[in-house]
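This briefing introduces selected features of one chain in a structural model. Please keep the sequence and the structure in view while reading.

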Amino acid sequence: MTRPAEDVTGLLVRWAEGDAAALDHIVPLVYEECRRIAARQLRVERAEHTLNPTALVHELYLRLVDQSRADWKNRTQFFAVAARLMRRILVDHARGRTAQKRDGSKVFVTLDAAEYAAADARIADIIAIDEALARLAELDPDQERIVELRFFAGLSVEETAHVLGRSARTVKREWQLARAWLFRELYPEGLS
Amino acid sequence: MTRVDGFPDRDGDAAPAAWDRVKALFVQALDLAEPDRTAFVIRAADGDDRLRDEVLSLLASERAAGPFAEIPAPALFATGPGDPPWQPRLPPATRLGAYEITSFLSAGGMGEVYRARHTVLGRTVAIKTLSAQTTDPHAKRRLIREAQHAAHLVHPNICTIHEVGEADGIPFIVMELVDGRSLTELVRERKLSLDDALAYGQQVADALEHAHEHGIVHRDLKSSNIVVDGGNRPVVLDFGLSKRSLERTDGTAVESTVTMMGALAGTLSHMAPEVLLGGPADVRSDVWSLGVLLHEMVTGALPFQGRTPFETTSAILNDPPRASSSALPLAVRLVIERCLLKDPNARYQSAAQVRSALDAIRRRHAWPLIGRLLVSTRRRSLYLLGAAAVLVVPAAIGGARLYQWIGARDARFSTIAVLPIENATGTSEADYYAEGLTEALIGQLGAVADVQIISRASAVRAARDAGTLAAARRLRADAIVGGRLREAGERVTVDIRLIEPTRGRVLSSETYERPAGQALALQADVVRALATGLRLTVRPGADDRLATVRAVTPAAYAEYLKGRFEWNLRTPESLQRAIAHFERAIELDPTYAPPYAALADCYNQFGTLMVGTGSPREFRPRAEAAAIRALQIDPYSAEAHAALGYVRHYDWRWADAEAEFRRAIELNPSYANARIWYANLLMSRRRFNEALEQVHAGHELDPFSLIVNTNLGWVLTAAGRYDEAIVQLTQTLKLDSTYAHAHWRLSDALRLAGRTTEAYDHARHAVRLTGGSAPSLVAVAHVAAARGDSAEVRTIVAELQARARRGYVPPGSLAEGFALIGALDSAFVWVGRAFEERSNWVSYLSLDMVEGPIQRDPRFREIMARYGAVQ
C-alpha cells in the first residue's frame, strides 16, 4: 500500500498557503483512512465505552502526515481537516442508524429531558447539529471550527485551544456561545 | 413571521457586524455571575433592542442547554440506548430524610426526579430535587413555601405532594409516583382520539378549577407536565412549581425581561401573551395554557410555533392560532379559540367554564362522533374493496422515479396543495395562463384521484403570507406541487416540482412540453405523472378521461384561462369581462366544455344579492343553458353539475338540485364551491347539520376563502348558533376587513344575538364598502328597527323606493324594508315580484332568522302555495 503521507503533507502546505482547492484533494485521501480507523475504534472499543476520538485524530495524523515536514501550522490545519471528516463520517453513521430506527426523519419539537437521555435522540441530534452548524458557519466560521473540534472530533477545551493556538478560556467562552446558538436552533422551545 | 433582522436565520442572511457585537457581549456577560448578566446586557446594548434580545436569548439558551452537545459525537455511538446521559447527582441508596432513592427517573430544567421508597412505610414515591436553579436563598424559601401550599391540593387529577423537605441544602419534594406516559408523547405518537382529548381536557380543567379555588395558579401547564396513568387518568404535575417562582420579585423593569427570557428556555409555546409581556400569571393565563393543550391534543400540533423563540413569541402575541382541521367539531374549535383569545378579559374567565363547555360537547357529540367514525371506516374499506377496480395509473414520466422513493416509505399523501404556477415567460400576458394552468391542475387532480386538494385561493394566500413550506404546513398539506411556466406561445413548456414539505425535499422536478394545440394533453401528462408519483388512487373511469384528452384550439383555451382569471376576482365588472372571454372561447371552439360551465357560474353570481345587478329572470335561464350544454359535451364535469345544481336550487327544484350537487361532489370531492352551494341548499331546507357538514368540508378545502368563511358564519346564524357565527364571521373579517359580505352577515348575527350597537356598525361598514347596495341598506334598517329608530328605517325605505323607480332593485330588499315600517301591503307587492323573478331571497324565507311580519301574514302561505315553493 502506498502511503499517501507525502501527498497529504504537500496538500496541507498548499492549503495553508491559501490554495483552497487543495482541501478538495485532501478530503478523499484522508476520508477512507479516517473511516477505517473510526470503524475499528467503534467496533473494538465499544464494549468498554471508551472510544477515544482524540486518539483517532492523532493516529490519523501520524499515519498521514509526513512528520519531517510537519510544522505547527500543518498540525492545526490537519486537525481542522480531520475534524471535518469526522463530522462527515459520524453524520453518515447517524443517518444510517436513525434510518433503521425510524423513517430517517426526526421532527424537532419540544423534548422531555428524559427522552433526551435516550441515546437515539442524541444521535439524531448529530444530524441536526450538522445542519445547524452549516448555518452557524455562514455567520462565523470560527465557531464552526470549534464545534467540529469539540463535538465531532471530541477534543477537550484544552486540546482545542492548543490546536487553535488560543487560550483555553477563550475557547471555552466561544464553545458556550456555539452551544447556546445551536441549542436554540434545534430546540426553540427548550427541553422541558 | 417576525424575524429579527440582522441576525442569523435559516436563510442565512446574517449581518457579520451585528454578530460580532452579539459575540462580544455574550462573552462578557458570561464572565459575570448569572443574576447580574441580564442587567449588564440591557445596559451594554445601550438601547439596541435587537442586540439586547439576541444576547439575552442566547444566554437563556445557554442556561437551558444542559448537557446538550457536551458528549462528543463519537462517544454517542459507544453508549447503548437507554443509558442515562449524565450521572445523576444522587446514586441509589442515598437517603433523603425518611426516603431512600431507588433509581434515577429523569432530569429537567429544575432538578432531577428519582424513584424512592419511604424507609418505614415502604411506600414508593417520586422525589424531585430542586437543585438546579436555586442559588438565591430567598427564592429557595419561596419555592418551598409554594410547594407546601400546593401540598394542600387533593384531587384525582393532580399529582399529590406528600412532603416538602430539605437535605444538605437541597430542597426536595416528595410526591405521588404516577406511572404512565406524558401527554407530549401521546400527542406525538398520535394516539389520542378526539374522545380521549376531550375527556383529558375536561379532567385537566377540573384539576385547574380545584387549584384555582385554593388560590394556586399552575403557571406552567403544558403537555409534558401531564401524565396519563394506567387507568387512563390524566394527572397534572408540578402545581405551583413553575420556574417563575424561582425568579426574584423585586418588581423592577428588569424582572419582566428576566422572566421572559428565563421562560423562553422552557415553556414558551404554552405561555399566555400577557405573561409573555411580563405581566403576572393568573387564572386566565392558565385558561390560555389549557387552550394550547387542547389544541395540541386534538390537532397534534401546537397552535403557535415558530422556528425560533422570537417567531413563536410573535405568533403568540400577534397571530391567530394555527388553523385546526375542519373535521373537528366546530364546537371544539370554538372552545379552543375562546381559550386562546389574546385579551384575557375575552377568554373564559375560569377553568370551570371550559370544563362545562367540554362537558356539553362530549354529551352532545357522543353519538355523532361514533357515527362519523363508522362512516370513515366504511369509506376506507370501500376503497379497499374497490381495489380491484381501482386503477393505479401506469408509471409515466417522473412517476417511476418517485415511486421508488416513496415506495420505500410507503407514504400516503392525502392532502395536496397546488401552489400558483409562476409565470416565468417574461411576459405578463401569460399571467392568466399560469393561473389557469394552476386551476386546471387543481381541478383535474381532484377529479381523478382520491385525494384532497387545497383550493387555489387558499394556497395563494398561504403562500403569500408564509412562503412555500410554511404555507404547506399551514394548509396541512403533505405534498406541494409547484411550477414555472416557461413558454406559452407556439409551444407550452412548464416545469413541475413536487415537494415534500416536512423536509422541504424536492421529490421530483420534470419539464413538460407540448405544442399549444395540445395544452390539454400536457395537463393530462402532468396530472398523470403526479397521480402516479404520489401513488394516488385513481377513481374508476377517471383514467379513461385522462387518456381521451382531446385537442383544443389554443386560442379558445387561452380565452378560457383569461376568463377564469377574471372570475376569480368576482366583482361585477370582472364577471362581465369573464363572460366576454368565455363567450369568445366558445365561439372559437364550440366543442370545449369548460367555458360553458364557467359561463353558468358567472350568470349564477349575477343573481346573488351582493353582486346582484339584474333580475335572475334574465340571467338564470342563461346559466341553465350553459350548464346543460357543458354537460352534453362532458357529463363528468363537476363544475357543470354544481352550476346546474345552483340553478335548480333557486328554481325551487330541491331534489334535482340536490342530485346535481351530490354528483358534482362525487366527481370531484375537492371542489369547494360545490360544497358551499350545496350547503346553502341544505340550509334553506333547514337541514342544518348536513349544511354544516358540507360547509365545513368546503372550509377545509379552502380555509382562507372569504366566501367559504362567510357562508360558514351564515349557516351557523341560520342554525341559531349566533355566538359561534359571530366568532366565525369576526375571524373572516380578520382575513380581509374590507369584505362587505362578511360585514353584512355579521351584522345579522349580532342583531339576532341582541348586540345591536355592533350590528349597526357592521351594517354601515357593508353599506360603505358596497357603495350603498340595497341589501346592505336593508341590514342597517333591520338594526335601526331593532333599536327603535324608525326615522332611519323610513329614510332607507324611501331611498330604496326612489331607486326602484329608476332601475332594478332586488325585490326582496324592498319587501323587507316595507315590512319593517309596517307597510305590509306594499311589502307583499314586492314579495310577489320576488317570487315571480325567483329571487335567491325566496329560497331562505322559511328560516327562523328572517321570521317576521311577512311570514306571519296569511298572504305568505298563500303565495308559497301558489308558487309551489312549499315542501
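**Strand pairing, a helix pair and two unusual residues**

Strands S7(B) and S8 (residues 226–229) of chain B form an antiparallel pair with three bridges; two strands pair if DSSP finds at least two bridges between them. Helices (H or I, at least four residues) and strands (E, at least two) are DSSP runs, numbered from the N terminus. The model is predicted: local features need pLDDT of at least 70, side-chain atom pairs count only at pLDDT 80 or more, and totals for chains, interfaces and linings use all residues. Residues are numbered from 1 along each chain as its sequence is written, while chains are lettered from A and ligands numbered from 1 in the order in which they are written.

**The three-stranded sheet**

- In the S7(B)–S8(B) pair, B:Gly180 lies opposite B:Asp229 of S8(B).
- These strands belong to an open sheet of three strands in chain B, ordered S7-S8-S9, with antiparallel pairing.
- Strands S7 (180–182) and S9 (234–236) of chain B each have a single partner strand, so one side of each is left without a neighbour in the sheet.
- From one strand to the next, the twist averages 30 degrees (axes are lines fitted to C-alpha atoms, for helices over the stretch in contact, and angles run from 0 to 180 degrees between N-to-C directions).
- Helix H7(B) packs on this sheet and touches S8 and S9 of chain B; contact requires C-beta atoms, placed from the backbone, to lie within 7 Å.

**The helix pair**

- Helix H7 (residues 194–213) and helix H10 (residues 283–299) of chain B have axes that come within 10 Å and cross at roughly 165 degrees.
- H7(B) and H10(B) are therefore roughly antiparallel (angles under 35 degrees count as roughly parallel, over 145 as roughly antiparallel, 65 to 115 as roughly perpendicular and the rest as oblique).
- Residues making the contact include B:Leu194 and B:Ala197 of H7(B), and B:Val283 and B:Asp286 of H10(B).

**Two residues with positive phi**

- B:Asp46, although not a glycine, has a positive phi of about 50 degrees, and its place is the loop between helices H2 (34–45) and H3 (49–64) of chain B.
- B:Arg219, also not a glycine, has a positive phi of about 75 degrees and is found in the loop between H7 and S8 of chain B.
- Which of the two labels, buried or exposed, applies to B:Arg219? B:Arg219 counts as buried, with 25 C-beta neighbours inside 10 Å (buried means 20 or more other C-beta atoms within 10 Å, exposed 12 or fewer, and partly exposed in between, with C-beta atoms placed from the backbone).
- B:Asp46 is exposed, with 8 other C-beta atoms within 10 Å.

Notes. Two residues are in contact if their C-beta atoms, placed from the backbone, lie within 7 Å.
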